[in-house]
Amino acid sequence: MRIVVLAGGIGGARFLRGLKSAAPDADITVIGNTGDDIHLFGLKVCPDLDTVMYTLGGGIHEEQGWGRADESFAVKEELAAYGVGPDWFGLGDRDFATHIVRTQMIGAGYPLSAVTEALCARWQPGVRLLPMSDDRVETHVLIDDPEAGADGPARKAVHFQEYWVRLHASVPAHAIIPVGAEQAKPAPGVLEAIAEADVILFPPSNPVVSIGTILAVPGVREAVAEAGVPVIGLSPIVGDAPVRGMADKVLAAVGVESTAAAVARHYGSGLLDGWLVDTVDAGAVEQVEAAGIRCRAVPLMMTDVAATARMASEALALAEEVRA
Ligand SMILES: O=c1nc2n(C[C@H](O)[C@H](O)[C@H](O)CO)c3cc(O)ccc3cc-2c(=O)[nH]1
């Protein structure tokens, strides 16, 4: 079975670990979000691609969910000693090596998709990991500018990582702008993988800044909608709050309520055939089905690989149900 998964960072990566366990013989292609990418210290950092690669390859810092296990921070400390920031983004020494290799290869002319393949040759994630695009797309967030003067603009756009990591999403987001998305082309293999898939899954990743950004690359949303195979999503919202992260903050920016049913309606029946909500949200099943999306309530907490594998199995079972 060929499965395509549109994935963000931690939630997507952990779901994929469960999916691999539930469907060990499946041929899995992951289309990774690159809107979170950031250029720091002259290096290109791809947080979501790396989180998937390290998680599936056994190199992730398990508790944190991002970055490397057994990490040290000598380079960051030395940069700080020179007064060179930002100091709010934690890049460890082992992780730096990944960004150096990536930046060096891009400088030599390789596209991000080829670089990702080369990095994965070391990590062997057991899936085909494709960036959504080889073109630069950078998610910016429009916030109130606390330093705005009386005459200047009252708002400013900051990089997603600045909003997420430095500001902890603590200020209201007025808009989410995937800069460059409109001009971006899907990376080689993305549209082909979608067209050849037997099932397409939306893991419990952020519907706005992760899956939403992937769908914003021209051609991707249309390819998913027209693939003619079951498209099944898992709610990242359980009991009206994000399972982890701050998805509620960015959902508010696009006018979507933080409920499992509202997120399903946000994707819509033109895209989604099936939607899994947590058992605590069983009351949402009827609303989702009324929107033309088949819905089931099952446990959705990714407490360990076995629990996550059961979620993945439920998603695949729902796919078969809607296919029938
Ligand atoms: O909360 C944090 N998340 C960090 N993340 C996670 C990342 O900011 C976000 O969780 C994702 O971009 C959202 O999917 C990193 C990811 C990397 O691959 C490399 C470095 C970081 C550094 C941080 C950090 O300092 N703080």
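**View 1. α2 and α5 are roughly parallel to each other.** The label is a matter of angle: under 35 degrees counts as roughly parallel, over 145 as roughly antiparallel, 65 to 115 as roughly perpendicular, and anything else as oblique. What you're looking at is a predicted model, where local features need pLDDT of at least 70 and side-chain atom pairs count only at pLDDT 80 or more, while totals for chains, interfaces and linings use all residues. Residue numbers start from 1 along each chain, following its sequence as written. Helices (H or I, at least four residues) and strands (E, at least two) are DSSP runs, numbered from the N terminus. The axes of α2 and α5 come within 10 Å and cross at roughly 20 degrees; these axes are lines fitted to C-alpha atoms, for helices over the stretch in contact, with angles running from 0 to 180 degrees between N-to-C directions. α2 passes α5 in a right-handed crossing, the term for a near helix turned clockwise from the far one by less than a right angle (anticlockwise would be left-handed). On the α2 side, Leu49, Met53, Tyr54 and Gly57 meet Thr116, Leu119, Cys120 and Trp123 of α5, where contact means C-beta atoms, placed from the backbone, within 7 Å. Sorted by class, the residues of this α2 and α5 contact come out as six nonpolar, two polar and no charged. For the bookkeeping, Ala, Val, Leu, Ile, Met, Phe, Trp, Tyr, Cys and Pro are nonpolar, Asp, Glu, Lys and Arg are charged, and the others, Gly among them, are polar.

**View 2. Helix α1 (residues 10-22) packs against α2.** Here the angle is about 30 degrees, and the axes sit 9 Å apart. That makes α1 roughly parallel to α2. The crossing of α1 and α2 is right-handed. Look for Ile10, Gly12, Ala13, Arg14, Leu16 and Arg17 on α1, in contact with Thr51, Val52, Thr55 and Leu56 on α2. The contact of α1 with α2 splits into five nonpolar, three polar and two charged residues.

**View 3. Helix α4 (residues 93-107) crosses helix α5 (residues 112-123).** Their axes come within 10 Å, with a crossing angle of roughly 140 degrees. That makes α4 oblique to α5. The crossing of α4 and α5 is right-handed. From α4, the residues to pick out are Thr98, Val101, Arg102, Met105 and Ile106, which meet Leu112, Val115, Ala118 and Leu119 of α5. Seven nonpolar residues, one polar and one charged make up the contact of α4 with α5.

**View 4. Two backbone spots to zoom in on.** Gly85 and Pro86 are joined by a cis peptide bond, with omega about 10 degrees. Pro86 belongs to the loop between α3 (74-81) and α4. The other spot is Gln124, whose phi is near 45 degrees, a positive value in a residue other than glycine. Gln124 is in the loop between α5 and β5 (128-131).

**View 5. The ligand lies between domain 1 (1-67 + 97-136 + 185-324) and domain 2 (138-181), because both give residues to the shell around it.** The ligand is surrounded by 17 residues, the closest being Gly9, Asp36, Pro47, Trp66 and Gly90. Two elements, α2 (47-57) and α6 (160-166), give two or more residues to this shell. A residue is near the ligand if its C-beta atom, placed from the backbone, lies within 6 Å of it. α2 gives the most to the shell, with four residues. By class, the shell has seven nonpolar, six polar and four charged residues.

**View 6. Domain 1 meets domain 2.** The domain bounds come from an automatic or database domain assignment. Taken over C-alpha atoms, the centres of domain 1 and domain 2 are 24 Å apart. At the contact, 17 residues of domain 1 touch 13 residues of domain 2. On the domain 1 side, helix α10 (residues 247-253) gives the largest share, four residues. That side of domain 1 has ten nonpolar, two polar and five charged residues.

Technical notes: Two residues are in contact if their C-beta atoms, placed from the backbone, lie within 7 Å.
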